Amino acid sequence: MPPREPHAVPLHRDTLAVRLAVERSQYGENSEALYLTSGYVQPSAEASARRFAGEDEGYTYGRTGNPTVTSFEQRLAAMEGTEACLATASGMAAVMLMCFSLLKAGDHVIISRSMFGSTLKLIGTEFARFGVETTVVPQTDLAAWRAAVRPETRLLFAETPTNPLGEVCDIRALADLAHNAGALLAVDNCFATPVLQRPVERGADIVMHSGTKYLDGQGRVMAGALCASESMVREKFLPVQKNSGMVLSPFNAWVVLKGLETLDLRMKAQSAQALALAQWLESHPAVGRVYYPGLSSHPQHELAMRQMSGIGGAVLSFDVKAATAGQARQRAFHVLDALQVLSLCTNLGDTKTLCTHPASTSHGKLTEAQREAAGVSQGLIRVAVGLEHLDDIRADLLRGLETL
Ligand SMILES: *Cc1c(COP(=O)(O)O)cnc(C)c1O
């Protein structure tokens with residue numbers, strides 16, 4: 001379905017985030033309809049034939065399209081500033097669909113070692129079985145990205161800021177590098193969302209999302225998306241998706257569609273809380289380093305502020321002070337186990353504040369040496385800051401911190 005502007009005059013992004021959707025049904029529902037259907041009744045055999053031949057728009061089957069999913073796609077594309085968007089069952093389904101659509105045996109990919117763990121595994125290990133080679137480089141070392149480029153390089157894939165340390169890479173510089181090499185740049189925009197950062201405005205070709213995180217924003221459903229040009233979505237991604245079934249359920253699409261309406265408010269409010277919490281943690285005697293792109297102590301602070309609308313996002317991490325790795329782990333566990341309000345939960349992008357111990361969860365399968373290289377210490381705690389009152393968030397963390 002082609003994107004449809006609800007009004008003739010160009011509207012602001014904030015308005016599109018609330019309004020853009022497929023047409024209302026004949027019932028005039030104000031909140032977008034949830035079309036839970038796997039099949040579509042065709043108006044005539046001739047019309048059906050045209051739809052199947054791709055000559056006419058119109059829905060034929062749930063694996064190839066759904067109006068609620070289309071509404072989500074149109075809205076997210078408008079927010080990211082891309083021509084088109086394709087929704088997927090999860091963030092990882094989006095990565096899978098992108099790689100499956102763009103790569104073949106003999107191709108080469110460059111990714112940062114700070115990427116989401118499943119992304120590293122999927123591209124670096126699973127795709128290797130099909131002859132796709134991957135070079136893993138340090139996130140912030142542009143020279144390493146440059147040195148990794150080969151004639152067969154097809155894709156550079158970056159995530160910024162990263163989990164859990166908030167490392168930021170320069171999207172514009174990576175886009176130039178990719179394009180000079182005849183490759184594409186894809187950016188996982190999960191942590192920043194289009195509210196803080198629109199990668200295509202800095203030259204990226206594809207924006208990948210885990211809708212499970214801030215787009216839903218209330219911890220309810222799994223979802224994913226790829227935002228890109230109309231031709232890339234239609235010619236590369238859609239044919240593979242149609243035949244592989246990595247589609248988003250209409251129910252989940254509806255939930256995330258409604259999540260987009262408050263994304264701007266939530267991201268700004270949660271980021272403001274994260275900054276205040278990061279500043280407070282930085283001054284606490286039991287806390288070592290605090291990792292948050294919005295702090296001036298962050299190594300890529302300036303770049304982050306330039307690239308992310310002057311806002312650091314809603315995720316921060318901090319080290320508890322300790323003499324040894326064993327003690328650090330014990331102290332981090334102590335702080336997490338003392339929580340009474342915040343959730344001990346390995347997710348992020350929720351209105352509820354979620355705390356986790358990366359070294360034993362998301363980064364638990366790494367060797368100690370790999371973990372060290374990734375900067376994930378045993379004393380590290382990640383906080384994905386939500387919308388509770390800041391005093392309550394601080395008080396809950398203090399329960400464990402003040403008894404160290
Ligand atoms: C969660 C996450 C993903 C994967 O998304 P799912 O919806 O869980 O499949 C990818 N990238 C980042 C940065 C994430 O946080």
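The largest nonpolar core of this predicted model is a good place to start. This core has 37 residues, and the members that touch the most others are Phe72, Leu76, Tyr214, Leu215, Leu260 and Leu263. If you would like to trace it by secondary structure, look at helix H3 (67-80), strand S1 (84-88), H8, strand S7 (224-228), helix H10 (250-260), helix H11 (263-282) and H12, each of which supplies at least two residues. Where does this core sit with respect to domain 1 (13-260) and domain 2 (264-401)? It lies between them, because both domains give residues to it.

Leucine 215 gives a good view of the packing here. Setting aside neighbours within four places in sequence, leucine 215 is in contact with Phe72, Leu76, Leu260 and Leu263, and also with His209, Val256, Gly259 and Arg266. Four of those names may look familiar, since Phe72, Leu76, Leu260 and Leu263 are listed with leucine 215 among the core members that touch the most others. Apart from this core lies another one, made of 30 residues, including Leu102, Ala186, Ala228 and Met246.

Now let us turn to the ligand. It is surrounded by 14 residues, and the closest of them are Gly91, Asp188, Ser210, Thr212 and Lys213. Which kinds of protein atom lie 2.8 Å from an oxygen atom of the ligand? For glycine 91 it is a backbone N or O atom, whereas for serine 210 it is a polar side-chain atom. Threonine 212 also brings a polar side-chain atom to the ligand, at 2.6 Å from an oxygen atom. How much of the ligand does the protein bury? Taken alone, the ligand exposes 380 Å², and the protein buries 94% of that. Helix H4 (91-102) and strand S6 (206-210) are the elements that give two or more residues to the shell around the ligand.

Next, some backbone details that deserve a look. Most peptide bonds are trans, and most residues other than glycine have a negative phi. With that in mind, visit the loop between strand S4 (153-159) and helix H7 (171-180), where proline 161 lies. A cis peptide bond joins threonine 160 to proline 161, with omega at about -5°. Proline 164 lies in the loop between S4 and H7 as well, and a cis peptide bond with omega of about 0° joins asparagine 163 to it.

Asparagine 163 and proline 164 also lead us to another part of the chain, for both are touched by histidine 363. Histidine 363 is found in the loop between strand S11 (354-356) and helix H14 (368-374). Is histidine 363 buried or exposed? Its relative accessibility is 12%, so it counts as buried, the cut-off being under 20%. Beyond residues up to four places away in sequence, histidine 363 touches Pro358, Arg371 and Val376 too.

Two residues with positive phi round off the tour. Threonine 193 has a phi near 65° and is found in helix H8 (residues 193-196), an element that supplies at least two residues of the largest core. At 0% relative accessibility, threonine 193 counts as buried. Serine 309, with phi near 55°, is found in the loop between helix H12 (301-307) and strand S9 (315-320). Serine 309 is partly exposed, because its relative accessible area is 47%.

Note on methods. Residues numbered from 1 in each chain as written. Predicted model: local features only at pLDDT ≥ 70, side-chain atom pairs only at ≥ 80, totals over all residues. Heavy atoms only, no water. Helix = DSSP H or I, 4+ residues; strand = E, 2+ residues; numbered from the N terminus. Buried < 20%, exposed > 50% of the residue type's maximum accessible area, 1.4 Å probe, protein only. Contact = heavy atoms within 4.5 Å. Core = buried A, V, L, I, M, F, W, Y, C linked by side-chain atoms within 4.5 Å. Domains from an automatic or database assignment. Near = heavy atom within 4 Å. Polar contact = N/O pair within 3.5 Å; in protein donor to acceptor, adjacent residues only side chain to side chain. Areas by Shrake-Rupley, 256 points an atom, 1.4 Å probe, with all protein chains shown as cover.
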